Amino acid sequence: MKFIQTNKIGNNFTHGVNPIIGENVKIGNNVTLGHNVIIEGNVIISDNCHIFSGCCIGSPPQHTSFKDGKRGLIIIGKGSYLREYVTVHLPLTESCQHRS
């Protein structure tokens, strides 16, 4: 398991088996991650979110115009539920943001 610094994880954080959390990820309060969740890249998980098993958030997109090293931002909004095996890729450019 790989975890980020505890000051980037809010209160009442729970997780299943084998979460992988990258170094640029911020997690709010009352967040639950299911088994085998991967969160990497520039990602903010807001308060009261539930990310179910097998989700992958923040991986580079498959689009051929994506330039590695240019990282946009993903913000998962308050109270969001991402069901099993949802994938949310990084935006194509630094100036873009994905919000839920």
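Before anything else, a definition: a residue is called buried when its relative accessible area is under 20%, exposed when that value is over 50%, and partly exposed in between. By that cut-off C56, with a relative accessible area of 18%, counts as buried. Please keep in mind throughout that what you see above is a predicted model.

Let me stay with the cysteines for a moment. The structure holds 0 disulfides, and C56 accordingly takes part in none, the nearest cysteine sulfur being that of C55, 8.7 Å away. C49 is a buried cysteine as well, with a relative accessible area of 2%.

Now to the strands. As general background, the strands of a sheet pair through backbone hydrogen bonds, and they can do so either parallel or antiparallel. In this model there is an open sheet of 4 strands, in the order β1-β4-β7-β10, with parallel pairing. Its edges are β1, residues 14-15, and β10, residues 81-82, each of which pairs on one side only. Within that sheet, β4 (residues 32-33) and β7 (residues 50-51) are joined in the parallel sense by 2 bridges, and T32 has H50 in β7 as its bridge partner.

There is also an open sheet of 4 strands in the order β2-β5-β8-β11, where the pairing is again parallel. Here the edge strands, pairing on one side only, are β2 at residues 20-21 and β11 at residues 87-89. Strand β5, residues 38-39, runs parallel to β8 and is connected to β8 by 2 bridges, with I39 standing opposite I57 of β8.

Both of those isoleucines come back when we turn to the interior. The largest nonpolar core has 21 residues, and the members that touch the most other members are I27, L33, I39, I45, I51 and I57. The elements contributing two or more residues to this core are β3 (25-27), β6 (43-45) and β9 (73-76). Taking I27 as an example, and leaving out residues up to four places away in sequence, we find that I27 touches K8, I9, G10, F13, I21 and I45.

Strand β8, which covers residues 56-59, also carries a polar residue that I would like you to look at, namely S59. Is S59 buried or exposed? S59 counts as buried, because its relative accessibility is 11%, which is under the 20% limit. The side chain of S59 makes a polar contact of 2.7 Å with the side chain of E40. Beyond neighbours within four places in sequence, S59 is in contact with E40, V88, H89 and L90.

As for charged pairs, how many salt bridges does a search of the whole structure find? That search finds 1, formed by R83 and E84, whose closest N and O atoms are 2.9 Å apart. Both partners are partly exposed, R83 at 45% relative accessibility and E84 at 38%.

Finally, I would point you to T93, which sits in the loop between β11 and β12, the latter being residues 97-99. T93 is partly exposed, with a relative accessibility of 34%. Not counting residues up to four places away in sequence, T93 touches R71 and G72. The C-alpha atoms of T93 and S65 are separated by 9.4 Å, although these two residues are 28 residues apart along the chain.

Terms used:
Residues are numbered from 1 along each chain as its sequence is written. This is a predicted model: local features need pLDDT of at least 70, side-chain atom pairs count only at pLDDT 80 or more; totals for chains, interfaces and linings use all residues. Side-chain values use heavy atoms; hydrogens and water are left out. A salt bridge is a side-chain nitrogen of Lys or Arg within 4 Å of a carboxyl oxygen of Asp or Glu. Buried means under 20% relative accessible area, exposed over 50%, partly exposed in between (1.4 Å probe, protein chains only). A nonpolar core is a set of buried Ala, Val, Leu, Ile, Met, Phe, Trp, Tyr and Cys residues joined through side-chain atoms within 4.5 Å. Contact means heavy atoms within 4.5 Å. A polar contact is a pair of N or O atoms within 3.5 Å; within protein, one must be able to donate a hydrogen and the other to accept it, and residues adjacent in sequence count only if both atoms are side-chain atoms. Two strands pair if DSSP finds at least two bridges between them. A disulfide is a pair of cysteine sulfur atoms within 2.5 Å.
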